[in-house]
Structure formats: C-alpha cells, structure tokens
Amino acid sequence: MAPETLQPRADSALPEQAMAPQPWRIHSVRPDVASNEVFSWTLYPEPGVDPGPPPAPGQFNMLYLFGVGEVPISVSAITADGGIVHTTRAVGSVTRTMQDLGPGAVVGLRGPFGTAWPVEQAHGRDLVLVAGGIGLAPLRPVIHAALERRDDFGHVVICYGARSPGDMIFRDELEAWGARDDLDLRITVDRGTAAWRGDVGVVTQLIDRGGFDRRNTLAMVCGPEVMMRFAASSLERRGVKPEDIFVSMERNMRCALGFCGHCQIGAQFVCRDGPVFPYPVMEPAFRIREL
C-alpha cells in the first residue's frame, strides 16, 4: 500500500461523535501496574447515546473530564458486548484526575478518530509487532484480531520492551500469549530484578533474532519515538521493506480534527493523517533531533 492511500475510515467522524462529547459511564477500572500509574477503563454509552462505529485497531477517542479537560487515548480493546477499553498512563493534570475516578463515573467521549493499523493488509503474511511500554495498548487490538483469525496470518512475533518487570502491562495476557505455541512472544526490560529471568536490554535485540520471512512481513511499531526509529532501522536491517513498516505517533492532540495544529509534524497532522503512518512518511521527521 502506498503511503498516500492510508486514510482514516470514511465513517470515523460522524458529526455527533466528532464535535460534542457524548456521556459514557465507567463500568470497571483495572490497575495495569502496581502503582496504578497505568490503568484501564471499560466504558459503555449512557442510555440514548449512539455509540457510533466501533473503533478500528489503532484508532483513538478523545476522553473529556467535565470541568477538567480532554485527552486523546488509544483504544486498547473492544469487549464482546460493545464496551470500549482505554488504557491510560497518568502523566498530566487530566490523566491524574482520571486516576481518581471509579466505576459509575460518567465521562465524555468523542470519536473514533484517525487511521487504523493495516490488519487486512497483513493477511497471508508474517506479522511482527514491536511495542515499548504503554505502546502495547494500541497494538493489543491487533493481537486480539490476529488470534481470533489465526489462520489468516503466518508467523506472529510480538517484541515487547518495558522499563522493568513491574512496568509491564497486561501481565495476565502476556502470560497467556507466551503459553501459546502459535505465537512468538519476546519480552525484555531495561532494568531487571533479582527474580527476573528474562532478557535485559533494548527491544531491538528481540527483532534481531529474526524468525520471520523478511520478504513477506508486515511490521507495526508503537512506543517512544526514539524506540520506533531504532526498531524500524532494525527491521530494515533484517530485510523488511520500509513501506511494510507502520508506526503510531503520540502527540498532544487537542481537537482531533486537524484544526488547532498542536499535533502537526511537517505537513502531517497526527490526529487527522495518523496516528498510524507508513514508516517512509515519518522517517524524515525521525531524523530531526529532539523533535
């Protein structure tokens, strides 16, 4: 797929869902790390609210805390009964306030927005997913989709890096994925502990082990920008074509409609033209230090 053909879904910005926050209720809250710095909400629409189209893997919603502010959060799962799961790291005034909300609280939601991971394009090919830290959350729906239709894909390789064993998210799912014989899960941490028996080091060392067909691989990468740059370089060294590598950018998106310019990178608006981009589109930006 040529870079210019990756576009948001045509139904991703219905007027009601795009412009005005709709009330959704928190059904459950799950702490994803012991410190509760990362947590997941499962949300359901209030009675009478049109939930709009379900988000595709890689898309995001804008979550609005009435009287506090609004933040873009990627969708980390869709439940069987239509609930939407958002996984959030508490790093700013809005997300820290979100930490204090529990089941029953009502928040505003508008979306879904943005481009999606090219899951259909990966059918019949090896699939390599590279995640750093909370970057596993936007890739989680891809993993769910691949496992639901496992026969549609070749080798599925997941390379996940976290700061420490205690910073790993979705630990129960990681254990379940690691126990499967049709999935190659590789995990590394920056800092090990006395009890840690796995790899220590950068996530690119997991890519360098190969185990996928370089001529027939589609890769998806999500995490800190410096990690994505080195991961893409490692994939290229392994023979994966740049146009078969996709990255998801995280920027301070305010409007989600490409109006305010807060998330602009060169000619691209992350909220409108991304967050998922073919790597060749973002590669020039990755070469700019401290972008």
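**From Met 19 to helices H3, H4 and H6**

Beyond its neighbours within four places in sequence, Met 19 is in contact with Arg 110 and Leu 257. The model described here is predicted. Met 19 lies in helix H1, which covers residues 15-19. Its relative accessibility is 57%, and because exposed means over 50%, Met 19 counts as exposed. Met 19 and Ser 248 are 229 residues apart along the chain, and their C-alpha atoms are separated by 23 Å.

A second point of interest is the pairing of helix H3 (residues 136-148) with helix H4 (residues 171-178). Their axes come within 13 Å and cross at roughly 40°. That angle makes H3 oblique to H4. The crossing of the two helices is left-handed. On the H3 side, the contact is made by Leu 136, Arg 140, Ile 143, His 144 and Leu 147, while H4 contributes Glu 173, Leu 174 and Trp 177.

Helix H6 comes next. With 13 residues (225-237) at 1.5 Å a residue, H6 should span 18 Å, and its end C-alpha atoms are indeed 18 Å apart, so expectation and model agree. Within H6, the buried residues are Met 227, Met 228, Ala 231, Ala 232, Ser 234 and Leu 235. Viewed down the axis of H6, these buried residues fall within an arc of 160° and therefore line one face of the helix. The general background is that an α-helix has 3.6 residues a turn, so residues three or four places apart point the same way. The cover over the buried residues of H6 includes strands S7 (126-132), S11 (217-222) and S12 (245-248), together with helices H5 (204-207) and H8 (279-286). Just after H6, Gly 239 adopts a positive phi of about 100°.

Terms used: Residues are numbered from 1 along each chain as its sequence is written. This is a predicted model: local features need pLDDT of at least 70, side-chain atom pairs count only at pLDDT 80 or more; totals for chains, interfaces and linings use all residues. Side-chain values use heavy atoms; hydrogens and water are left out. Helices (H or I, at least four residues) and strands (E, at least two) are DSSP runs, numbered from the N terminus. The expected span of a helix is 1.5 Å times one less than its number of residues. Buried means under 20% relative accessible area, exposed over 50%, partly exposed in between (1.4 Å probe, protein chains only). The arc is that of the directions from the helix axis to the C-beta atoms. Contact means heavy atoms within 4.5 Å. Axes are lines fitted to C-alpha atoms, for helices over the stretch in contact, and angles run from 0 to 180 degrees between N-to-C directions. Angles under 35 degrees count as roughly parallel, over 145 as roughly antiparallel, 65 to 115 as roughly perpendicular and the rest as oblique. A crossing is left-handed if the near helix is turned anticlockwise from the far one by less than a right angle, and right-handed if clockwise.
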